[in-house]
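Q: Got a minute to go through this model with me? I'd like to start with the ligand.

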Amino acid sequence: MVVSTLQVCPILVDGEWQELRDVETSPVYNPSTGEMIALTPMCTAPHVNDAVQAAAAAFSAWWETPPVERARVLFRFKMLLEENFEDIARCNTNEHGKTLIESRGDVRRGIEVVEFACSIPSLLSGDTLENVARGIDCETIRQPLGVCVGITPFNFPAMVPLWMYPVALACGNTFVLKPSEKVPLTAITIGRLLEEAGVPRGVLNIVHGGRECVDALLEHPQVRAISFVGSTPVARYIFETGTRHGKRVQANGSAKNFVIIMPDADIDQSTRSVVEGAFGCAGERCMASSTAVVVGNAAQASLPSLTHAARSIRVGPTDREPQPDMGPLITLEHRDRVAQLIGTGAAEGAKILADGRGLKLNSGGFFLGATLLDEVENEMAIAREEIFGPVLNVMRADDLENAIQTINCSPYGNGASIFTRSGKSAREFKHRVKAGMVGINISVPASMAWFPFAGWGESFFGDLHMQGREGVQFFTQQKVTTTRWFAEGEGSVWSTK
Ligand code: NAD
């Protein structure tokens with residue numbers, strides 16, 4: 001059988017890449033063809049323990065390595081990421097299915113976090129104040145936590161792991177990464193480059209698997225912090241279990257992102273941007289524009305324009321030339337779930353303006369065409385659930401007030417945008433909308449490396465977000481030192497005023 005010849009992805013423990021035998025595996029597909037291309041080993045508690053022990057053993061020496069030397073490893077890592085940029089992007093496309101252009105974006109956003117982390121000597125600097133009282137000075141320093149863990153989703157195989165460990169390592173922590181079992185190959189490719197950059201053994205470890213592996217990480221007494229990105233039910237579970245075991249946790253969850261199109265919006269620009277936001281990466285983005293809220297008579301021009309744009313999207317395999325506009329979904333099950341949700345939406349009264357379910361391609365992949373649903377109402381399943389596929393809902397609103405109310409009903413709060421020419425409307429929207437990342441004439445206001453990725457509501461569990469200075473705060477603990485030096489022969493502490 002073909003399966004026996006497939007590569008079982010190695011784990012990385014204490015600088016050794018190990019191929020596990022006699023463990024259960026999970027398939028990795030090329031979603032463009034439906035072919036199985038590798039197997040992910042499902043690690044159990046002993047594998048996790050080995051990885052955490054290796055990270056714990058490497059911690060002290062890595063922490064004592066001056067920040068500027070840790071930064072030099074990251075500078076070399078950045079150089080290697082650039083040199084291997086195209087290979088990483090192709091690996092990403094092969095196991096995820098997004099187009100090559102999208103994969104390049106995925107890698108580029110990740111590299112930007114490495115670039116940010118390279119300035120760690122400045123980022124780690126503390127505050128000092130002379131003479132907090134006479135002859136007494138006070139200073140803050142930031143120190144690493146120890147062993148930190150990253151658990152990542154399938155949809156950004158390069159970027160999301162890179163949100164986490166470059167910053168954690170720069171701060172002096174050691175790390176255990178558990179990438180999504182659906183896309184382990186990109187994480188392995190990038191992990192090998194960090195090794196080549198000269199990171200000492202045990203500083204980065206990689207394990208694979210699902211619930212059992214994650215539970216072992218959440219419960220391990222030597223793990224100090226957990227960074228998670230994935231769906232809301234799992235994010236909530238990770239947050240509750242991790243904090244119950246005394247870990248610091250940041251957990252990004254699912255999303256339902258809204259884009260308001262005001263009557264004064266530029267039709268061409270808003271259509272182009274909303275369609276890109278909805279169907280880019282086949283809608284498998286936590287910042288995907290999943291709902292357009294069309295205000296008043298904006299519908300007259302916007303709907304024909306959105307319908308035409310959605311119907312024009314070329315869908316096809318991404319592992320070859322010519323590249324399509326949009327690739328497949330991650331698995332057959334996920335494709336079928338999204339198709340089923342479209343059917344539910346239609347049964348609940350939504351009007352189908354473009355239907356991707358009829359798409360027929362011969363490559364064997366997990367394809368669904370771009371779908372546009374109008375007259376979606378708040379109580380419909382398609383309005384409430386994260387679809388995570390190439391489906392754009394349209395809701396109608398009488399005015400801006402009504403549109404903001406619709407958005408603020410959502411339990412999620414990742415991204416929200418407005419298209420308008422009015423500064424007053426934009427300001428009102430920015431001030432009142434309940435979302436952590438807000439776009440003005442930008443459909444996907446995803447924060448970049450220097451800013452926190454700042455979801456609200458059920459899109460985020462925790463306190464300190466990933467990326468930017470909050471990332472550095474998450475991966476460090478603060479120490480405040482208050483100092484007095486006595487002059488020769490100076491009286492006792494108690495005699496000072
Ligand atoms: P997922 O929640 O299924 O999996 C995420 C990770 O959790 C994987 O590593 C997986 O192995 C692990 N996992 C899955 N089920 C588990 C369980 N029961 N117990 C313990 N661990 C478990 O998410 P996914 O399907 O890989 O990714 C898509 C989701 O991620 C979407 O909901 C999307 O919105 C979200 N996402 C959010 C952000 C953000 O920043 N808010 C970014 C990217 C993706």
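Q: What does the side chain of E181 come up against in the ligand?
A: An oxygen atom. This is a predicted model, and in it an N or O atom of the E181 side chain sits 2.6 Å from an oxygen atom of the ligand.

Q: How much of the ligand does the protein bury?
A: The protein buries 87% of it. Taken alone, the ligand exposes 840 Å².

Q: And S231, how far is its side chain from a ligand oxygen?
A: An N or O atom in the S231 side chain is 2.6 Å from an oxygen atom of the ligand. F154 uses its backbone: an N or O atom there lies 3.1 Å from a ligand oxygen.

Q: Which residues come nearest to the ligand?
A: T152, E181, S231, G253 and E386. They are part of a set of 26 residues around the ligand.

Q: What's the mix in that shell by class?
A: 12 nonpolar, 10 polar and 4 charged residues.

Q: What do helix 8 and strand 10 supply to the shell?
A: Each gives at least two residues.

Q: Let's stay on helix 8. Which of its residues are buried?
A: Helix 8 covers residues 211–219. The buried ones are C213, V214, D215, A216, L217 and L218.

Q: What covers them?
A: The cover includes helix 1 (45–64) and helix 9 (232–244). Strand 7 (147–151), strand 8 (174–178) and strand 10 (223–229) are also among the covering elements.

Q: D215 has a charge. What does it form a salt bridge with?
A: R211, with the closest N and O atoms 3.1 Å apart. The two are 4 residues apart in helix 8, so about one helical turn separates them. An α-helix has 3.6 residues a turn, so residues three or four places apart point the same way.

Q: Is R211 buried or exposed?
A: Exposed, because its relative accessibility is 58%, over the 50% cut-off. D215 is at 16%, under the 20% limit for buried.

Q: New topic. How many salt bridges in total?
A: The count comes to 22.

Q: What does R285 pair with?
A: E276, at 3.7 Å from N to O. R285 is buried, at 14% relative accessible area. E276 is partly exposed, at 43%.

Q: And D319, which side chain does it meet?
A: R320, in a salt bridge of 2.9 Å, N to O. D319 is partly exposed at 29%, and R320 is partly exposed at 38%.

Q: Which residues are linked in a network of salt bridges?
A: K78, E82, R108 and E115.

Terms used. Residues numbered from 1 in each chain as written. Predicted model: local features only at pLDDT ≥ 70, side-chain atom pairs only at ≥ 80, totals over all residues. Heavy atoms only, no water. Buried < 20%, exposed > 50% of the residue type's maximum accessible area, 1.4 Å probe, protein only. Contact = heavy atoms within 4.5 Å. Salt bridge = Lys/Arg side-chain N within 4 Å of Asp/Glu carboxyl O. Near = heavy atom within 4 Å. Polar contact = N/O pair within 3.5 Å; in protein donor to acceptor, adjacent residues only side chain to side chain. Areas by Shrake-Rupley, 256 points an atom, 1.4 Å probe, with all protein chains shown as cover. Nonpolar A, V, L, I, M, F, W, Y, C, P; charged D, E, K, R; others polar.
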